[in-house]
Amino acid sequence: MMGYSHTVSAAAGWLALVETGIVHVPDTPTLVVTTLACAGAGMLPDIDHHNGSIANTIPPFSRWIARFVGAISGGHRKGTHSILGLVVFWALAYFASMLSYQGIPWASLLLAMFSGGLALHVLGAPGGWLGALALGWAAYTTDSLSLLPWAIAAGATIHLIGDALTTRGVNPFYPITIKPVVPSLLWKKSGYMALPILGDAGSAREKALTLVLTCYIVWVAGGVLGMWAAPSAVIGSFHV
């Protein structure tokens, strides 16, 4: 999947978790911050790619970080695109929330600012990284930081699902590689696994899915603002 698609799908996934009641978000400001954090986390696994979207966000520092992460994770679509990578992303967010200085959780705030700012940058929102500063303040004054580890984990997980739906697939068990006896499109000779219903990254099918998910985000946003019924309310109306 391309960077924009990862961001949109992560945001839509987080809103779906909230809409279905799997994740409880207490108020609208917290929903905005955590959705943007999750959307940005939808890009995080690609921090292993020295020339990817995330590597070009704050050059040259982001490129240095991407090269370092790529080196220690084995390269693109390896360590950061595995179950082990998901555990690491969640652990970083969780332990960041436990670090504070003079009562301020600086590490968690910086993570919220970076992930949210990354989403704004990818989406081309006005303000760009300046908006990340506002998000940091919003995260500090709402309940967003307590939900941040789950938003980060959800975004990274949705990223892996998205890449698994493309032809290249992922190796979920990295650094262990399990190769099939009989290779196929679903389980490749390399050990990568895929359900390639989207085709190659950037395909027309991927763009169509991104458009549908964008419509869903707009639908939820309008429901939150009271402009129309939210998806959960419409679906609930069909229950007897």
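Is Arg77 buried or exposed, and what is its relative accessible area? In this predicted model, Arg77 is buried, with a relative accessible area of 6%.

**Salt bridge**

Side chains of opposite charge can pair when their charged atoms come close. A search of the whole structure finds one salt bridge. It joins Arg77 to Asp163, and the closest N and O atoms of the two residues are 3.3 Å apart. Arg77 belongs to the loop between helix 3 (61-73) and helix 4 (83-96), whereas Asp163 is in helix 7 (residues 144-164), so the pair ties together parts that are 86 residues apart in sequence. Asp163 is buried as well, at a relative accessible area of 1%.

**Pockets**

Rolling a probe the size of a water molecule over the atoms shows where empty space is left. The two pockets treated here are set out below.

| Pocket | Volume | Lining by class |
|---|---|---|
| Largest pocket | about 640 Å³ | 20 nonpolar, six polar, no charged residues |
| Second largest pocket | about 390 Å³ | 15 nonpolar, four polar, no charged residues |

The largest pocket has 26 lining residues, and those nearest its centre are Ile47, Ile65, Val69, Phe89 and Leu92. Helix 3, helix 4 and helix 5 (106-123) each supply at least two residues of this lining. Neither acidic nor basic side chains enter the count for the largest pocket, as its lining has no charged residues.

For the second largest pocket, the lining comprises 19 residues, with Ala11, Leu15, Thr35, Ile217 and Ala221 nearest the centre. Two or more residues of that lining come from each of helix 1 (3-19), helix 2 (28-41) and helix 8 (204-224). The lining of the second largest pocket likewise has no charged residues.

**Cysteines**

A disulfide is a covalent bond between the sulfur atoms of two cysteines. How many disulfides does a search of the whole structure find? The result is zero. The closest cysteine sulfur to that of Cys38 is in Cys215, 19 Å away, and this is too far for a bond, because a disulfide requires the two sulfur atoms to be within 2.5 Å. Cys215 is accordingly in no disulfide, its nearest cysteine sulfur being that of Cys38. As to solvent accessibility, Cys38 is buried at 0%, while Cys215 is partly exposed, with a relative accessible area of 48%.

**Aromatic residues**

The structure holds five aromatic pairs. One of them is formed by Phe61 and Trp64, whose ring centres are 5.3 Å apart and whose planes meet at 85°, so the pair is edge-to-face. These two residues are three residues apart in helix 3, which means that about one helical turn separates Phe61 from Trp64. Both Phe61 and Trp64 are exposed.

Trp137 and Tyr140 form a tilted aromatic pair, with 6.3 Å from centre to centre and 45° between the planes. They are three residues apart in helix 6 (residues 129-141), and about one helical turn therefore separates Trp137 from Tyr140. Trp137 counts as exposed at 58% relative accessibility, whereas Tyr140 counts as partly exposed at 39%.

Which residues form one aromatic cluster? The members are Trp90, Tyr94, Phe95 and Trp150.

Notes
Residues are numbered from 1 along each chain as its sequence is written. This is a predicted model: local features need pLDDT of at least 70, side-chain atom pairs count only at pLDDT 80 or more; totals for chains, interfaces and linings use all residues. Side-chain values use heavy atoms; hydrogens and water are left out. A salt bridge is a side-chain nitrogen of Lys or Arg within 4 Å of a carboxyl oxygen of Asp or Glu. Helices (H or I, at least four residues) and strands (E, at least two) are DSSP runs, numbered from the N terminus. Buried means under 20% relative accessible area, exposed over 50%, partly exposed in between (1.4 Å probe, protein chains only). On a 1 Å grid over the protein atoms alone, a cavity is a set of points where a 1.4 Å probe fits but cannot get out, and a pocket is an open set with protein on both sides within 12 Å along at least five of seven lines; lining residues have an atom within 4 Å of a point. Grid points are joined across faces, edges and corners, and a volume is the space filled by probe spheres set on the points. Ala, Val, Leu, Ile, Met, Phe, Trp, Tyr, Cys and Pro count as nonpolar, Asp, Glu, Lys and Arg as charged, and the others, Gly among them, as polar. Rings of Phe, Tyr and Trp (its six-membered ring) pair if their centres lie within 6.5 Å; planes under 30 degrees apart count as stacked, over 60 as edge-to-face and the rest as tilted.
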